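Reader: I would like to go through this structure and ask what the terms in its description rest on.
Author: Please go ahead.

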Amino acid sequence: MNDAGPEFPATFDQEFVRQDGHRGYFGRNVLKGLVDGMEGFLEEKRRTPGFRSLGPVALGGFLWLDDPELAACLARFSHTCVVVSKQGRSKRDLEKLGKLKPLADGDNGMLASAFAQLTELDWRENGRAKVLGPGSPMSDPVIPPLRSIGFRRQPKGDMVPFLHTKIMLLGEMWGHDEDGLGGVADVIGFRPERLWVGSANATQRGRSNLEFGMWLDDPQALQAAQTFLVQLMAHSEALDPDSDLFQPELLPVDFDDEAFADYAAEYGSECDDPDA
């Protein structure tokens with residue numbers, strides 16, 4: 001808690017336990033409930049990892065993130081991606097972005113192949129979708145741990161829409177070496193297990209505000225949150241992109257139909273020839 005300046009009294013603070021055993025919070029320093037829940041999840045997975053586990057995962061969507069305890073906790077997850085609203089370019093904004101560089105440059109990003117909605121996306125090249133022809137490998141992008149989305153707000157400019165959610169989805173990456181037909185393949189996926197929803201931004205300053213937050217494990221809520229967060233990742237940009245506009249860096253790949261037709265014409269006839 002911040003000892004400097006005015007402060008709300010402790011009479012606002014409440015912690016409650018839902019019927020399913022998960023906790024909720026009202027009052028000050030609600031963000032502590034988020035971090036404590038994440039730390040508890042990490043310890044739980046350390047003791048009893050799930051079936052074919054590839055490690056704990058944290059996916060989030062916030063207006064902004066600068067809380068050092070939360071950032072340090074995210075760095076301990078095997079895979080993570082938190083999307084925040086695109087920030088400005090003022091001196092103060094750039095200082096804020098600089099403090100998050102260690103988290104943004106971490107090596108625990110998300111494999112796109114864990115989600116069906118991301119499997120045909122790749123990084124744009126020269127502002128355009130990547131074009132694949134015969135023999136071109138499908139890449140498996142790793143989405144960095146911290147991303148941005150939306151439009152950059154301009155000083156004294158027009159209002160723009162921005163990401164305003166405060167959610168964190170925890171789960172586990174799993175993997176095995178067989179595809180659906182029993183063939184050899186590297187197959188990975190994500191299993192959602194716990195969802196944080198509330199009013200508190202992921203900011204140190206937010207610990208002094210009167211806020212609300214709680215943990216859920218309702219299956220419908222978990223699935224809806226996963227769908228939303230995957231869409232955030234699919235439409236995200238670097239933490240400090242050049243463009244002020246909404247320009248996702250991941251785009252669906254284009255297939256060179258003419259090249260594939262030529263390939264089929266050249267090699268398809270050989271497959272039809274019994275003496276080939």
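Reader: Why does Arg-89 count as partly exposed?
Author: Arg-89 has 38% relative accessibility. Buried means under 20% relative accessible area, exposed means over 50%, and partly exposed is in between (1.4 Å probe, protein chains only). The value for Arg-89 is 38%, so Arg-89 counts as partly exposed. A word on the source: this is a predicted model, in which local features need pLDDT of at least 70 and side-chain atom pairs count only at pLDDT 80 or more, while totals for chains, interfaces and linings use all residues. Residues are numbered from 1 along each chain as its sequence is written, and side-chain values use heavy atoms, with hydrogens and water left out.

Reader: What makes the contact of Arg-89 and Asp-240 a salt bridge?
Author: A salt bridge is a side-chain nitrogen of Lys or Arg within 4 Å of a carboxyl oxygen of Asp or Glu. For the side chains of Arg-89 and Asp-240 the N to O distance is 2.7 Å, so the pair meets the rule. By this rule the count comes to 22 salt bridges.

Reader: Which parts of the chain does the pair of Arg-89 and Asp-240 tie together?
Author: Arg-89 lies in the loop between strand E4 (79-85) and helix H3 (91-99), and Asp-240 in the loop between helix H5 (219-234) and strand E13 (250-252), so the pair ties together parts that are 151 residues apart in sequence. Helices (H or I, at least four residues) and strands (E, at least two) are DSSP runs, numbered from the N terminus. Asp-240 has 31% relative accessibility and counts as partly exposed.

Reader: Which salt bridge do the side chains of Arg-152 and Asp-240 form, and what is the distance?
Author: Their N to O distance is 3.2 Å, so this pair also passes the salt bridge rule. Arg-152 is in the loop between strand E9 (146-149) and strand E10 (166-178), and Asp-240 is in the loop between H5 and E13, 88 residues apart.

Reader: Is Arg-152 buried or exposed?
Author: Arg-152 is buried, because its relative accessibility is 4%.

Reader: How do you know that Asp-244 forms a salt bridge with Arg-152?
Author: The closest N and O atoms of Asp-244 and Arg-152 are 2.6 Å apart, so the rule for a salt bridge is met. This pair links distant parts of the chain, with Asp-244 in the loop between H5 and E13 and Arg-152 in the loop between E9 and E10, 92 residues apart. Asp-244 counts as partly exposed, at 32% relative accessibility. A network of salt bridges links Arg-89, Arg-152, Asp-240, Asp-242 and Asp-244.

Reader: What makes Phe-8 and Phe-12 an aromatic pair that is edge-to-face?
Author: The structure holds 7 aromatic pairs. Phe-8 and Phe-12 form one that is 5.8 Å centre to centre, with 80° between the planes. Rings of Phe, Tyr and Trp (its six-membered ring) pair if their centres lie within 6.5 Å; planes under 30 degrees apart count as stacked, over 60 as edge-to-face and the rest as tilted. The distance and the angle both fit, so the pair is edge-to-face. Ring pairs also link Phe-16, Phe-26 and Phe-212 into a cluster.

Reader: Why is Phe-8 called partly exposed?
Author: Phe-8 has a relative accessible area of 39%, so it is partly exposed. Phe-12 is partly exposed too, because its value is 40%. Phe-8 lies in the segment before strand E1 (14-17).

Reader: How do you know that the charged end of Lys-96 sits over the ring of Trp-64?
Author: The charged end is 5.0 Å from the ring centre. A charge sits over a ring if NZ of Lys or CZ of Arg is within 6 Å of the ring centre and within 35 degrees of the ring normal. Arg-153 lies over the face of Phe-162, at 4.8 Å from the ring centre.

Reader: How many disulfides are there?
Author: A disulfide is a pair of cysteine sulfur atoms within 2.5 Å, and by this rule the count comes to 0 disulfides. As for exposure, Cys-73 is buried, with a relative accessible area of 0%, and Cys-81 counts as buried at 1%.
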